[in-house]
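This report describes the surroundings of a bound ligand and the empty spaces inside a protein. Please consult the sequence and the structure shown here while reading.

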Amino acid sequence: MLYEAPAELLTNKILLVTGAGDGIGRVAARTYAAHGATVILLGKTTAKLEAVYDEIVAAGHPEPGIAPMDLANVEPQAIQELAEVIEQQYGRLDGLLHNASILGDRAPLEHYDLNLWSRVIQVNLNAVFMLTRILLPALRQSAQASLLFTSSSVGATPRAYWGPYAVSKYGMEGMAKLFAEELENTSNIRVNIINPGATRTRMRAAAYPNENPATVKVPEDLMPLYLYLMGDDSAGVNGKTFNANSW
Ligand code: NDP
């Protein structure tokens, strides 16, 4: 699909992007802000979030919020506090892009490190559930909210040696579909899944160290889809999976 987002697509929207300090999340946060959104930047490394904050402010876009949070160790209480700050400051949340994740090792399950297994499942699946569950009341305050989950090709069809990363994405796709069904007739929240496909980031370079990065598309190329799904032009689209390479 060819989609050109209107410049004002996200004006007055309050959005939260996880993993907003780097890679696809960083570009998504900047792009959403450039289309008028107030973006809450959630991520692990505060300095990276501050850099994105500075870029957005320097460009004259709405002032973002910063929410440093290590999803590998986060307790529900910290997310609850974030939800309260969002409700107090903005009164609602219009969109949540679950983008943060970690790759873990590329290794056979038989030899997979047990602690690393738990960490990958925690960041890529448990934390995604906790954030969604605790931020739902704020999303319910929106007239038209978009909840977006980021998967991967190995989330649709698990592939050998992709370990807990594949398992977490597979589980997350199931969770997204349950949320889509459960919220469809009881809320103004639509729920969809994005598979970005091969994209030039740190994670891609770690997964494919022998690949020439110049052969892989950049996060900016994904933005028409990310804008379409976050803006009201996708109102009514629910429970769908979008492959950025063919939509
Ligand atoms: P990057 O590794 O470039 O960025 C990941 C982001 O997640 C970083 O901002 C990172 O923060 C954040 N993050 C990692 N761990 C935590 C944590 N414990 N707590 C909070 N934030 C954390 O990845 P991509 O941009 O490539 O990936 C974005 C999404 O797209 C992921 O869900 C990935 O699975 C998916 N994807 C990517 C593909 C690709 O080819 N790039 C292909 C298919 C799917 P920090 O930098 O501070 O660690």
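A polar contact is a pair of N or O atoms within 3.5 Å; within protein, one must be able to donate a hydrogen and the other to accept it, and residues adjacent in sequence count only if both atoms are side-chain atoms.

## Basis of the report

The model is predicted: local features need pLDDT of at least 70, side-chain atom pairs count only at pLDDT 80 or more, and totals for chains, interfaces and linings use all residues. Residues are numbered from 1 along each chain as its sequence is written, and side-chain values use heavy atoms, with hydrogens and water left out.

## Contacts of the ligand

A nitrogen atom of the ligand lies 2.8 Å from a polar backbone atom of L71. Two contacts involve oxygen atoms of the ligand: one is 2.8 Å from a polar backbone atom of I24, and one is 2.6 Å from an N or O atom in the side chain of Y165. On its own, the ligand has 890 Å² of accessible area (Shrake-Rupley method, 1.4 Å probe), and the protein covers 95% of this area.

Around the ligand there are 31 residues (a heavy atom within 4 Å), of which T45, K48, N99, Y165 and T201 come nearest. By class, this shell has eleven nonpolar, 13 polar and seven charged residues. Here Ala, Val, Leu, Ile, Met, Phe, Trp, Tyr, Cys and Pro count as nonpolar, Asp, Glu, Lys and Arg as charged, and the others, Gly among them, as polar.

## The largest pocket

The ligand sits in the largest pocket (more than half of its atoms lie within 2 Å of the grid points). On a 1 Å grid over the protein atoms alone, a pocket is an open set of points with protein on both sides within 12 Å along at least five of seven lines, whereas a cavity is a set where a 1.4 Å probe fits but cannot get out; lining residues have an atom within 4 Å of a point.

The largest pocket holds about 1200 Å³ of space (the volume filled by probe spheres set on the points, which are joined across faces, edges and corners). Of its 49 lining residues, N99, S101, I102, T201 and M203 are closest to the centre. The element α7 gives the most to this lining, with five residues (helices are DSSP runs of H or I, at least four residues, and strands are runs of E, at least two, numbered from the N terminus).

## The cavities

The whole structure contains two cavities of 30 Å³ or more. The largest cavity has about 50 Å³ of space, and α4 gives the most to its lining, with three residues.
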